[in-house]
Structures are given as C-alpha cells and as structure tokens.
Amino acid sequence: MDLDVPAGPGLPLGLHVPAGLLVERFSRSPGPGGQSVNTTDSRVEVELDVATTTALTDLQRQRALARLASRLNDGRLVVVASEHRS
C-alpha cells in the first residue's frame with residue numbers, strides 16, 4: 001500500500017511514497033503474555049531507503065539525510081511499531 005503524507009511544515013505539497021519503495025516486516029512483539037499463547041504478529045517495521053528513494057526531490061533527500069543521519073542505517077530509515085499484552 002502506498003504511503004501518503006499530507007501537506008504540512010516542510011512538505012507544502014505533501015509526500016507520496018509508492019509501496020514498491022517500502023519494505024515491510026511483521027513479527028511477534030516481545031513482552032509479557034505467557035507461553036506464547038494466543039500471540040499474533042503485533043510488531044511491524046517499515047523501511048525506506050532515504051539515500052536512493054525517488055519519492056523525494058534531491059533537496060528533500062539531502063535534508064533528510066542530514067537531519068536523520070544519527071537514525072539511519074546505511075541510508076535507510078526504519079520505523080518500528082509494536083504492541084504487547086500486559
């Protein structure tokens with residue numbers, strides 16, 4: 001599924017990232033909950049190669065690489081969301 005970011009500060013026209021440029025991985029979220037009973041895939045990682053993506057202009061890519069440098073792994077931004085039972 002494509003990623004659409006609405007217009008806002010720094011993105012006056014918004015941003016459209018085609019699904020083919022994103023890498024998704026799903027897994028079980030670690031945490032409490034017993035002997036893996038009734039577990040579901042509750043962790044997702046979404047990865048975007050900021051260094052090579054065509055979804056950004058050259059200027060946007062340069063800014064993103066500079067501002068996200070400490071969070072990038074080989075030019076890739078990985079966002080992780082997880083949920084676990086308490």
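Helices (H or I, at least four residues) and strands (E, at least two) are DSSP runs, numbered from the N terminus. Residues are numbered from 1 along each chain as its sequence is written. The model is predicted, so that local features need pLDDT of at least 70 and side-chain atom pairs count only at pLDDT 80 or more, while totals for chains, interfaces and linings use all residues; side-chain values use heavy atoms, with hydrogens and water left out.

**Exercise 1. Place threonine 53 in the chain and describe its surroundings.**

Solution.
Step 1: Threonine 53 sits in the loop between strand 4 and helix 1 (58-67).
Step 2: Its relative accessibility is 2%, so threonine 53 counts as buried. Buried means under 20% relative accessible area, exposed over 50%, and partly exposed in between (1.4 Å probe, protein chains only).
Step 3: A polar atom of the threonine 53 side chain lies 3.1 Å from the backbone nitrogen of alanine 55.
Step 4: Not counting residues up to four places away in sequence, threonine 53 touches Leu21, Leu48 and Arg61. Contact here means heavy atoms within 4.5 Å.

**Exercise 2. State the order of the elements and the confidence assigned to them.**

Solution.
Step 1: The protein chain contains one helix and five strands.
Step 2: Read from the N terminus on, the elements run β-β-β-β-α-β.
Step 3: The average pLDDT of the protein chain is 87, and 81% of the residues score at least 70. The pLDDT is the predictor's confidence in each residue, from 0 to 100.
Step 4: Among the elements, strand 2 (residues 15-17) has the highest mean pLDDT (96) and strand 4 the lowest (88).
Step 5: Where pLDDT is low, the predicted coordinates should not be read in detail.

**Exercise 3. Identify the residues of the largest nonpolar core and the contacts of leucine 56.**

Solution.
Step 1: A nonpolar core is a set of buried Ala, Val, Leu, Ile, Met, Phe, Trp, Tyr and Cys residues joined through side-chain atoms within 4.5 Å.
Step 2: The largest such core has ten residues, namely Leu15, Val17, Leu22, Leu48, Val50, Ala55, Leu56, Ala64, Leu68 and Leu72.
Step 3: With neighbours within four places in sequence left aside, leucine 56 is in contact with Leu15, Val50, Arg61 and Ala64.
Step 4: In soluble globular proteins, nonpolar side chains tend to be buried together.
Step 5: For the chain as a whole, buried residues make up 20% of the 86 residues.

**Exercise 4. Describe the environment of glutamate 45 and its salt bridge with arginine 25.**

Solution.
Step 1: Glutamate 45 belongs to strand 4 (residues 41-49). With a relative accessible area of 16%, glutamate 45 is buried.
Step 2: The closest N and O atoms of glutamate 45 and arginine 25 are 3.1 Å apart, and the two residues form a salt bridge. The term denotes a side-chain nitrogen of Lys or Arg within 4 Å of a carboxyl oxygen of Asp or Glu.
Step 3: This pair links distant parts of the chain, since glutamate 45 is in strand 4 and arginine 25 in strand 3 (residues 22-28), 20 residues apart.
Step 4: At 37% relative accessibility, arginine 25 is partly exposed.
Step 5: Not counting residues up to four places away in sequence, glutamate 45 touches Val23, Glu24, Arg25, Val78, Val79 and Val80.

**Exercise 5. Trace the salt-bridge network through arginine 76.**

Solution.
Step 1: The whole structure holds six salt bridges.
Step 2: One of them joins glutamate 47 to arginine 76, with the closest N and O atoms 3.1 Å apart. Glutamate 47 lies in strand 4 and arginine 76 in strand 5 (residues 76-82), so the pair ties together parts that are 29 residues apart in sequence.
Step 3: Glutamate 47 is buried at a relative accessible area of 14%, whereas arginine 76 is partly exposed at 28%.
Step 4: Aspartate 74 also forms a salt bridge with arginine 76, the closest N and O atoms being 3.9 Å apart. Aspartate 74 is exposed, its relative accessible area being 62%.
Step 5: Through shared partners, salt bridges join Arg25, Arg43, Glu45, Glu47, Asp74 and Arg76 into one network.

Terms used. Polar contact = N/O pair within 3.5 Å; in protein donor to acceptor, adjacent residues only side chain to side chain.
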